[in-house]
Each structure stands twice: as C-alpha cells, then as structure tokens.
Amino acid sequence: ADRRTIRPEAADPLGKNLRPAELKVRANSVLNKLTVDTNGITELDVWIGPDTLDLGKRAEVQVNGSTVYRGQVPLAQFGPYLEDLRLRGDRRQTYWLKVPAKLATPRVGRAN
C-alpha cells in the first residue's frame, strides 16, 4: 500500500521509520471459517489447506470483514493444488484452495 514502502537508502538501520504491512489470521473450526485482518495491504491471495478448514463442508473466508469466499470447496478442481506443487515442490504441505482478494483501500488502523 502507499506510504508503506520507502527507498532502501532512506530506511533507518534500526527500522524506526518503517511501517510494515500487518496480517492477522484466525481459523474457526466450528464455523469452518477463516478470518484475515490486514493493514497496509491492497491485494493478497489466501491459500487454504486441508489442515486449516474442513474442505468437505461449506467454508467461508473473510478479509477485513468482507466475505470473499463462501461455499463448498470444489475438490475436483486440481488447479490450485497443482500450481502450489509446481511453485514450491512440497508434497506434504499442500494448499487446495486459492482465494484472491483485492481490497478497495488499505486499512489505516492496526490489525487487531
């Protein structure tokens, strides 16, 4: 997001003038819901694996209070799984669902 990045030569060596992006993720297994709160991010992809949510049930993903995905996870579509496997090559910790989220404006406050 704007005003989050600065030129490397302008950064303080101790990091006093840096404002990094913030990200907080909570998974609720009872509601089968993943909640993501961000600050300073304008766009992100949420990758979900079978250890995070029960992919056999309807799932919901919220980013900054807005629902970006709700429904049954299409297990017959292997695109996100194969893309993750191609990029990272990790067959043990795979992600089965990719949820893109474009945020209209980044939050100005802190992620709680």
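Helices (H or I, at least four residues) and strands (E, at least two) are taken here as DSSP runs, numbered from the N terminus. On that basis the protein chain has one helix and six strands, and its elements follow the order β-β-β-β-β-α-β from the N terminus on. This is a predicted model, in which local features need pLDDT of at least 70 and side-chain atom pairs count only at pLDDT 80 or more, while totals for chains, interfaces and linings use all residues. Residues are numbered from 1 along each chain as its sequence is written, and side-chain values use heavy atoms, with hydrogens and water left out.

Of the 112 residues in the protein chain, 29% are buried, where buried means under 20% relative accessible area, exposed over 50%, and partly exposed in between (1.4 Å probe, protein chains only). Among contacts (heavy atoms within 4.5 Å) with a separation of 6 or more, 50% are made by residues 24 or more positions apart.

**Strand pairing around strand 2**

Two strands are said to pair if DSSP finds at least two bridges between them. The pairings that involve strand 2 or strand 4 include the following.

| Strands | Sense | Bridges | Opposed residues |
|---|---|---|---|
| strand 1 and strand 2 | antiparallel | seven bridges | R26 and T35 |
| strand 2 and strand 4 | parallel | four bridges | T35 and Q62 |
| strand 4 and strand 5 | antiparallel | six bridges | V61 and Y69 |

T35 of strand 2 thus appears in two of these rows, standing opposite R26 and opposite Q62 in strand 4. Strand 1 and strand 2 form a hairpin with four residues between them, and N32 in that turn has a positive phi of about 55°; in the hairpin of strand 4 and strand 5, with two residues between the strands, N64 takes a positive phi near 50°.

Strand 2 is largely enclosed by the rest of the structure, because seven of its seven residues are buried. In a regular strand the side chains alternate between the two faces of the sheet. Both faces of strand 2 are covered, with K33, T35, D37 and N39 buried on one side and L34, V36 and T38 buried on the other. Strand 4 is mostly covered, with five of its six residues buried.

**The nonpolar core**

A nonpolar core is a set of buried Ala, Val, Leu, Ile, Met, Phe, Trp, Tyr and Cys residues joined through side-chain atoms within 4.5 Å. The largest such core has 17 residues, of which L44, V46, I48, V61, V63 and V99 touch the most other members. Strand 2 (33-39), strand 3 (43-48), strand 4 (58-63) and strand 6 (97-102) each supply at least two residues of this core. Leaving aside neighbours within four places in sequence, V46 is in contact with L34, V36, V61, V63, L97, K98 and V99.

**K33 and Q62**

K33, in strand 2, is buried yet has no salt bridge, and the nearest side chain of opposite charge, E60, is 4.6 Å away. A salt bridge is a side-chain nitrogen of Lys or Arg within 4 Å of a carboxyl oxygen of Asp or Glu; for charge, Lys and Arg count as positive and Asp and Glu as negative, with His and the chain ends not counted. Not counting residues up to four places away in sequence, K33 touches R26, A27, N28, L53, E60 and Q62. Q62, in strand 4, counts as buried because its relative accessibility is 15%. The side chains of Q62 and K33 are joined by a polar contact of 3.5 Å, a term for a pair of N or O atoms within 3.5 Å, of which, within protein, one must be able to donate a hydrogen and the other to accept it, and for which residues adjacent in sequence count only if both atoms are side-chain atoms.
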